[in-house]
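Student: Please take a close look at one part of this model, and describe its surroundings in a single connected account.

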Amino acid sequence: AFAGLVTRVAPEAGFRVILRDGTRMIGQTDLPAEIDLMEITAEPLTDGAHSINFVVIDLAGNFTIGSSLDIVIDTAAPNVPYLDLVAADDTGFLDYDNFTDVQDPRVTVTVSDTRDGGANDIPNDIQYRIYDRPGTAGTNGEVLLIDSMVTQGGLSINGFFEEQLPTLAFGVHNLKLVAEDRAGNTREFLLNIVLDENACNT
């Protein structure tokens, strides 16, 4: 729904307010004389950029075009993200078995929000969070370890990142990577790692 304010010279009934996307009508309402603030529910909009404006028409047919609001509709989730231990910190028998004796290991994060493999409609619109899920913290058993809004200083360019996790206890850790775009759409990736003080591949 969209809200707007109509300013009149004198109270007058019979105003009709038409909501438009560019020049296409997407909603309308009649405005009583005693009300200047209106809310109009628009028909569903497709993904992409839209220029929303409204037209006020009185009984004599006089009309005024109000200010416009540029918005972007995005209902698509980011691409599937990927989380992995940095090879140098994957110190198990194999350098890809996710066993490590490093209590604050480094991880690589791959996130993107391209549409159909093409360019991003809104550059710099991805963020990510890494959680540890030991099953004991809080109501959902998740502990926030990394927030890219802090480590990267805001929304980030799609791509490849490296983060260092805080010190973790030895044992199994179920890590969850959540990628989120500017519109709030999310997608997750899970990674089990084992911190073992005897995990050494030498």
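**Strand β2 and its partners**

Tutor: Strand β2 (residues 15–21) pairs with strand β3 (residues 24–31) in the antiparallel sense, and 7 bridges connect the two. The model is a predicted one, and what follows describes that prediction. Within this pairing, Arg20 of the chain stands opposite Met25 in β3. β2 and β3 form a hairpin with 2 residues between the strands. In that hairpin Gly22 takes a positive phi, near 70°.

β2 also pairs with β5; these two strands run antiparallel as well, joined by 6 bridges. Here Leu19 stands opposite Phe54 in β5. As for exposure, β2 is mostly covered, since 6 of its 7 residues count as buried.

The partner strand β5 spans residues 48–57, and His50 has its place there. His50 has a relative accessible area of 8%; the cut-off for buried is under 20%, so His50 is classed as buried. The side chain of His50 has a polar contact with the backbone oxygen of Thr46, at 2.6 Å. Leaving aside residues up to four places away in sequence, His50 touches Asp21, Leu45, Leu69, Asp70, Ile71 and Ile73. One of these, Asp21, brings the account back to the strand it began with: residue 21 closes the range 15–21 of β2, and Asp21 is in contact with His50 of β5.

Definitions and conventions. Residues are numbered from 1 along each chain as its sequence is written. This is a predicted model: local features need pLDDT of at least 70, side-chain atom pairs count only at pLDDT 80 or more; totals for chains, interfaces and linings use all residues. Side-chain values use heavy atoms; hydrogens and water are left out. Helices (H or I, at least four residues) and strands (E, at least two) are DSSP runs, numbered from the N terminus. Buried means under 20% relative accessible area, exposed over 50%, partly exposed in between (1.4 Å probe, protein chains only). A polar contact is a pair of N or O atoms within 3.5 Å; within protein, one must be able to donate a hydrogen and the other to accept it, and residues adjacent in sequence count only if both atoms are side-chain atoms. Contact means heavy atoms within 4.5 Å. Two strands pair if DSSP finds at least two bridges between them.
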